[in-house]
Structure formats: C-alpha cells, structure tokens
Amino acid sequence: MKTFNLIIMLMVAFATEAFGKDLTPSQEKAQRSLYAYLQKEKYDPSVDTSDNSVCFRRGGVLYWIDLEGDTPFLFTFHRKAFKVGKESEQAYRRDIAIKAVNDVNRKHKTVKLTVEEKKVDIAIQVYVTKVEDFTAVFNKYLNDFKEVDTDFKKAYEVEKTAIKRAEERAEEEARKNL
C-alpha cells in the first residue's frame with residue numbers, strides 16, 4: 001500500500017511539474033483542457049516547461065500552441081516552418097522568401113507568415129473565451145497550415161524563377177553592349 005501511495009504522489013508531482021509554471025488558474029485549466037483534447041485526438045502532446053506551450057507532432061512536423069491572457073485567451077498556434085539564410089537544401093534565400101511570404105499572406109486570411117532573421121514563422125492567432133472555441137476549428141487550422149506550406153513553396157519557386165529570368169535578361173543586355 002505504501003508503494004502504491006508513493007507512486008500516486010510521484011504521478012501527481014510529475015503532472016504538476018509537466019504543466020508549466022507561472023500560469024494563472026484559468027490559464028492552467030485551459031492548458032490542461034487543450035492537452036486533454038490533443039491526447040483524446042491521439043496527437044501525443046507534451047508541455048514545453050520553458051514557455052508553457054503545448055506541443056505535438058503530426059506527419060513529422062512540429063506544432064505548438066502558446067496561451068496568453070485571461071478570458072479571452074489568446075491562442076497562438078505555430079507550425080515549424082522554413083529556415084532562412086544562404087540558399088541550400090535546408091534554407092531559403094531571405095530576399096526571395098520575403099516576396100513569397102507577401103504573396104502567401106495576401107492569399108490566406110487566418111495564417112500569417114513572418115520572415116525573421118533565421119526562419120519564416122507560421123502562426124495563427126485567435127482569441128477564445130473557452131478552449132472549445134479553438135478545438136472546434138482545430139482541424140481547419142491544421143489544413144490551413146498545410147495549404148500555406150504548399151503555397152509558400154510554390155510562391156518561392158515563382159519568385160526565384162522571376163529573379164533568374166531578370167538576371168539572364170540583364171546579362172544578355174550587357175553582352176549586347178560589348
């Protein structure tokens with residue numbers, strides 16, 4: 001019986017530690033509710049204790065949800081995005097990425113892309129009074145992320161091709177003038 005009680009106390013202590021600190025009681029309740037929803041939907045969530053975000057993977061892609069404020073809550077739903085830097089298989093050129101992001105942001109109203117120093121951030125921000133307001137459209141948000149991923153890659157290639165053509169035309173003009 002003592003062993004059972006010890007196990008229960010350790011589980012309670014772990015569960016308390018697993019959910020981040022510095023949350024208000026209503027934020028903690030919302031975080032737990034979101035966590036339970038993701039668990040029920042078989043997303044195998046975890047809590048990043050460094051920032052209290054609820055994280056999960058789907059199709060090998062990392063997603064995380066930040067929670068701010070108190071009724072209404074501001075949920076910021078993030079998707080791992082694209083590296084920016086010297087163009088390679090792992091990174092996109094910053095100047096072209098900025099143009100692609102602008103094209104995608106004009107098309108999509110709920111998801112916003114932002115070019116940062118080393119990455120393109122993809123996020124949805126929404127105010128909700130209860131977690132169910134967010135979970136009711138959760139699958140729609142996942143689909144929006146997928147569309148934005150595809151649209152960014154297409155827009156990037158279009159911009160890259162346009163720049164390459166402009167460079168080729170400039171080179172042709174320079175050769176003509178020799």
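**View 1. A cluster of aromatic rings in the predicted model.** Ring pairs tie Tyr37, Tyr43, Phe56, Tyr63, Phe73, Phe75, Phe77, Phe134, Phe138, Tyr141 and Phe145 together into a cluster. The model shown here and in the views below is a predicted one. Across the structure there are 21 aromatic pairs, and two of them are worth a closer look. Tyrosine 37 and phenylalanine 138 meet edge-to-face, with 5.6 Å centre to centre and 80° between the planes. This pair links distant parts of the chain, since tyrosine 37 belongs to helix 2 (residues 25–40) and phenylalanine 138 to helix 5, 101 residues apart. Both tyrosine 37 and phenylalanine 138 are buried. Tyrosine 63 and phenylalanine 145 form a tilted pair, at 5.8 Å centre to centre and 50° between the planes. Here too distant parts of the chain are linked: tyrosine 63 lies in strand 3 (residues 61–68) and phenylalanine 145 in helix 5, 82 residues apart. Tyrosine 63 and phenylalanine 145 are both buried.

**View 2. Phenylalanines in the largest nonpolar core.** This core has 43 residues, and those touching the most other members are Phe75, Phe77, Phe134, Phe138 and Phe152. Helix 5 (residues 138–176) supplies the largest share of the core, 9 residues. In soluble globular proteins, nonpolar side chains tend to be buried together. Which residues does phenylalanine 77 contact, leaving aside its neighbours within four places in sequence? Its contacts are Phe56, Tyr63, Trp64, Ile65, Ile122, Ala123, Ile124, Phe134, Phe138, Tyr141, Leu142 and Phe145.

**View 3. The two sides of helix 2.** With 16 residues at 1.5 Å a residue, helix 2 should span 22 Å, and its end C-alpha atoms are indeed 22 Å apart. Gln27, Ala30, Gln31, Leu34, Tyr35, Tyr37 and Leu38 are its buried residues. Why do they share one side of helix 2? They do so because the arc they cover around the axis is only 160°. Look to the other side of helix 2 and you will find Pro25, Lys29 and Lys40 exposed. The cover over the buried residues of helix 2 includes strand 1 (46–48), strand 2 (53–58), strand 3, strand 4 (73–85), helix 4 (131–135) and helix 5. Just past the end of helix 2, lysine 42 adopts a positive phi of about 65°.

**View 4. The hairpin of strand 1 and strand 2.** These strands run antiparallel and are joined by 3 bridges. Aspartate 48 sits opposite serine 53 of strand 2. The hairpin has 4 residues between its strands, and asparagine 52 in the turn has a positive phi of about 65°.

**View 5. The hairpin of strand 2 and strand 3.** Strand 2 and strand 3 are also antiparallel, with 5 bridges between them. Arginine 57 has leucine 62 of strand 3 as its bridge partner, while arginine 58 is partnered by valine 61 in strand 3. There are 2 residues between the strands in this hairpin, where glycine 59 takes a positive phi near 60°. Strand 3 is largely enclosed by the rest of the structure, because 6 of its 8 residues are buried.

**View 6. The hairpin of strand 3 and strand 4.** The antiparallel arrangement of strand 3 and strand 4 is joined by 6 bridges. Aspartate 66 stands across from threonine 76 in strand 4. This hairpin has 4 residues between the strands, and glycine 69 takes a positive phi near 75°.

Key: Residues are numbered from 1 along each chain as its sequence is written. This is a predicted model: local features need pLDDT of at least 70, side-chain atom pairs count only at pLDDT 80 or more; totals for chains, interfaces and linings use all residues. Side-chain values use heavy atoms; hydrogens and water are left out. A nonpolar core is a set of buried Ala, Val, Leu, Ile, Met, Phe, Trp, Tyr and Cys residues joined through side-chain atoms within 4.5 Å. Buried means under 20% relative accessible area, exposed over 50%, partly exposed in between (1.4 Å probe, protein chains only). Contact means heavy atoms within 4.5 Å. Rings of Phe, Tyr and Trp (its six-membered ring) pair if their centres lie within 6.5 Å; planes under 30 degrees apart count as stacked, over 60 as edge-to-face and the rest as tilted. The expected span of a helix is 1.5 Å times one less than its number of residues. The arc is that of the directions from the helix axis to the C-beta atoms. Two strands pair if DSSP finds at least two bridges between them.
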